[in-house]
Amino acid sequence: MPQPDNIRDELHNAPGEPLLPIEKKLIAWSLTIGLGLLAVLTVVNHFIGWSGS
Amino acid sequence: MSNAYVADARVAAAAEPAARISEDWLAVILGLAIFVLALAALVHVDLIGWVVTTAVWSNLSQALGATSRSYAFLGGVVALLATYAALTVALSAAAALLNSDVKKFALAFTAVFWIAYASWVIGNFAHFAAVTPAEQQKFGISWSLKLTNEGGYIFALLAGLIIANFLPRFAEAIREAVRPELYIKVAIVILGGFFAVTAAGRLGLASSLILRGVAAIVEAYLIYWAVVYFVARKWFGFSREWAAPLASGISICGVSAAIATGGGIRARPMVPVLVSSLVVVFAVIEVLILPFLAQAWLANEPLVAGAWMGLAVKTDGAAVAAGGITESLILAKNAAEGVNYQPGWILGTAATIKVFIDVFIGIWAFVLGYIWTNYVNATPAAERARAREIWQRFPKFIIGFVITFAAGLYLAFGAPADIAKNVPAAIGEANTFRVIFFILTFFSIGVLSNFKALWQEGFGKLAAVYLVSLFGFVIWVGLAISWIFFSGITPPLAG
C-alpha cells in the first residue's frame, strides 16, 4: 500500500482506469436530472418565488 | 513539518481509542448549552451577559466590554478573562469526551484563544474597520481600509497562516486545539436561533429561501459533482478512489463530504483526509478573495452575494464565515449610500444554503457507496453499502441548527409579548459567542494551511484539478445559479 510520502509518485504513475459504463451512466444521469430539476425550479421560482423585500 | 491533515492520514489506520462522543454531537451539546443559557435572559436572569464583545476602537482602552449592560461593571479585561476561562473549561471537557489529552488541549487552547482574539481586536482598530465618513469622523481619523469590524476574521486567518507557514513547530504544538470543524459547528448551531429571530419578521422571504436551498442541493450534488468527477477522471487521469472524494470535496462540502464519500466507496482512509487538507487551503483563498468581489460586484444584490458564498466556498467554516464578511462589507457599502439593510440576511442565506447542502451528504455517500460496492468494486454482501450509513454519515450538528431555529421561531411567534420582546437581546448574547467561535474557526483554518508542506507532499496534481474545477466552473456556475434565484430580492431595511 503506498505511503503518504509517495503521493506524488502514486498520482503520477498510477495506471489509467478507463471510465466504466456505470461511471458514464452516473455522470450522464446526474447531469440530466440536475439540469432538468434546475429548469423546473427556475420556472417555479419565476412564478411563485418571492419578488421583493 | 507535515500539514496537520497529512499527519492525521499517517495515523488514520492506526488503532486509536474511540471517542465517547462524536465531534458533531459535541457541537450540538455546546451550541445548545450556550443557546439555553442565553434564553435565561427572557426571564430576566442574565447568565452569559459577561461574555466579551469588541467594538471598533481608536483608543484601545475602549475596545472591550461585556455584552450585557448588566455586567458593564466588570470592564473589558475581566469580561475577556471570564470568556477565556469559561471556554477553556467547556472545551477542555469536550476534549476529554473526544479522548484528547485535556492538559495539552487546555495549554494549546490558551494560545489559540489569545492569538485569535488579539487578531480580532487588531482587526477592529478604526483605521482597519471604520467604513463611513461619519465613523471616521467619530474616531478622528482621515483614512481607513474599510474592512468593517468583521475584517477581524481576516486578521485571525492571516495570523493562523503566518503560524502555519513560518512557525510550523508552534503550529504543531497547538494542533490539539486547532479544531475548525468543531468551532464552526458550534457556531452554526447558535446561528440557527439567531437566524430564526431575524427571519421571523419576514417569513415569506425566509420561506422562499427553502426553494432556493433545494436548487443549491441540485446544483451541488447533480451538476457540480458530475462535472468535477468527469474532469478528475478524464482530463487528469485520477483513479476512481481519488476522483470520487475529490469531486465531493470540491463540489459539495470539502471536509465532511470528502470523508463521507471516501468511507462510502471504501477508499483508503488517507485519500479523503488528504483531499480535505487541500479543500481547506482553497477555502482560505476563497475567503480572502470572494467577499471582496461580492462587495464590488453584488452590493446591489445582497442575497445573490450570500447565496454565492454558500455555493462557492467549500467548507462549512469558510462558507459561513465568508457569508459573514460579505454581509459586513455589503451592508457597509450600502450604508455609506444611505441604504441600511437589516443585518443577518446575507449571513443567514449563506448558512442556510450550506446547511441544505450538508443535509444530503449522508444520502449521497450512500448512493455512491451503493454504486461502488455493487458495480464498481463489487464486494461480498456483508461489506456492501447499507441504508443505515445514511444516518451514520448525516452531519448531526444540523440537528442542533434545526432545534435552535425552531426554538427561535417559536419564541418570536408563540411566546407572550413580555417575553418575546426580550428575545432579540437574549439571542444577541448567544450571538456574541457565535462570533467568538467564528474567530476561532478562522484562526484554526489558517493554522491548518501549510502551503509548503502540501506542495512537498505532492499535491500539485490534486491542486490542479481543484484550481480548474473551482475557478473554472464551480464559482461561476454558483454565481449564475445564485443570480437566477436571488436577483432582485433584497433584505428588509433595518428599523
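How many residues of chain B are in contact with chain A? In this predicted model, where local features need pLDDT of at least 70 and side-chain atom pairs count only at pLDDT 80 or more, totals for chains, interfaces and linings use all residues. Residues are numbered from 1 along each chain as its sequence is written, while chains are lettered from A and ligands numbered from 1 in the order in which they are written.

The count comes to 37 residues of chain B, set against 28 residues of chain A, with contact taken as C-beta atoms, placed from the backbone, lying within 7 Å. On the chain B side, the elements giving two or more residues are α1 (4–12), α10 (203–235), α12 (270–298), α16 (361–376) and α22 (460–486). Helices here are DSSP runs of H or I with at least four residues, strands are runs of E with at least two, and both are numbered from the N terminus. The largest share, 16 residues, belongs to α10(B). By class, this side of chain B splits into 23 nonpolar, six polar and eight charged residues; Ala, Val, Leu, Ile, Met, Phe, Trp, Tyr, Cys and Pro count as nonpolar, Asp, Glu, Lys and Arg as charged, and the others, Gly among them, as polar.

As for the partner, chain A has two helices and zero strands. Of its 53 residues, 13% are buried, meaning that 20 or more other C-beta atoms lie within 10 Å of the residue's own (12 or fewer is exposed, in between is partly exposed, and C-beta atoms are placed from the backbone).

Back in chain B, the axes of α3 (residues 75–97) and α4 (residues 102–123) come within 9 Å and cross at roughly 140 degrees. Axes are lines fitted to C-alpha atoms, for helices over the stretch in contact, with angles from 0 to 180 degrees between N-to-C directions. That angle makes α3(B) oblique to α4(B), since under 35 degrees is roughly parallel, over 145 roughly antiparallel, 65 to 115 roughly perpendicular and the rest oblique. Residues making the contact include Y84(B) and L87(B) of α3(B) and F105(B) and F109(B) of α4(B). The tally for this pair is 10 nonpolar, three polar and no charged residues.

Elsewhere, α15(B) is mostly covered, with 14 of its 15 residues buried. G237(B), by contrast, sits in the loop between α10 and α11 (240–264) of chain B and counts as partly exposed, with 16 C-beta neighbours inside 10 Å. Its C-alpha atom is separated by 9.9 Å from that of K461(B), 224 residues apart along the chain.

How values were computed
Contact = placed C-beta atoms within 7 Å.
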